[in-house]
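Grab a pencil and work through a few exercises on helix packing and burial. Try each one before you read its solution.

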Amino acid sequence: KDLTAQMVIDWRLELLSRGNKPSTVNKKVAAIRALLTDAYECGHLAQVPLMPRNLPVKNNERRAATDDEIKSICQYMADKNEQAKDLFLFLLETATRWGEVHRLKRKDIDFARNRVTFWETKNGEPRSIPLTKAAIKAVRPYTTHLGVEELVWSIKYHTFRRLLNGAKKSMGIDDPRLTLHSSRHTCASKLGASGIPERKLMMFGGWKSYSSVKRYIHLNTEALSDCVKALEG
């Protein structure tokens, strides 16, 4: 009940100074707002304290990585941390989110069928997908001596991000849109440009709505050639 808008503003400034992005700060404040609302509805507060408006968020669309960028990133990571390079390749081949791959256990990979299952996903629904030869080559060395319940990848998020930023710096790239999540966009863009139907693309990457994948589908103009044939016919 003693929480004030100024306290929240000061806290947001602290979060920003620690490297949190405005969108991340807004999510954290939203969590506090939700707690206050629950407390009010349960009768623990006479009223919900006033909260400041959300911080403005600049919509910087993440982008896919080019073939040359992928090659340079892999070379840089291979010199610094071999596991980081292999994890990067695995992400590129599976369109996986960091949270999904970070929780991947040995029992979730079926090398007999060349499949992987992600049980804890962003949309809350487990997802099984086939693995490419490149994905298998990248992940297999890290599963040889693991127990079924052990995590496959031991590298931490902050280490991987530091290496990615180092690779960008070595290439002279100062583009905030090129992030860890770009590996997911790169994989999806490749699938979309290859003519994979949106339903299959949604299932492969774990998207729940067509609006999430339409940015990749429009890349494939060859898939629309039947429309021209129909009109000319």
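Below are three exercises with their solutions.

This is a predicted model, where local features need pLDDT of at least 70, side-chain atom pairs count only at pLDDT 80 or more, and totals for chains, interfaces and linings use all residues. Numbering runs from 1 along each chain as its sequence is written, and side-chain values use heavy atoms, with hydrogens and water left out.

**Exercise 1.** Work out whether helix α8 is mostly covered or not.

Solution. Start with the helix: α8 spans residues 182-193 (helices are DSSP runs of H or I, at least four residues, numbered from the N terminus). Next, count burial, meaning under 20% relative accessible area with a 1.4 Å probe, protein chains only. Of the 12 residues, 9 are buried, so α8 is mostly covered. Among them are R184, H185 and C187.

**Exercise 2.** How do α8 and α9 run relative to each other?

Solution. First take the axes, lines fitted to C-alpha atoms over the stretch in contact, with angles from 0 to 180 degrees between N-to-C directions. Those of α8 and α9 (residues 198-205) come within 11 Å and cross at roughly 155 degrees. Over 145 degrees counts as roughly antiparallel, so the two helices are roughly antiparallel. Then find the contact (heavy atoms within 4.5 Å): R184, C187, A188 and L191 of α8 meet L201, F204 and G205 of α9.

**Exercise 3.** Which residues does E82 touch beyond its neighbours within four places in sequence?

Solution. Place E82 in helix α4 (residues 82-94). Leaving those neighbours aside, E82 is in contact with M77 and Y142.

Key: Expected span 1.5 Å × (residues − 1). Buried < 20%, exposed > 50% of the residue type's maximum accessible area, 1.4 Å probe, protein only. Parallel < 35°, antiparallel > 145°, perpendicular 65-115°, else oblique.
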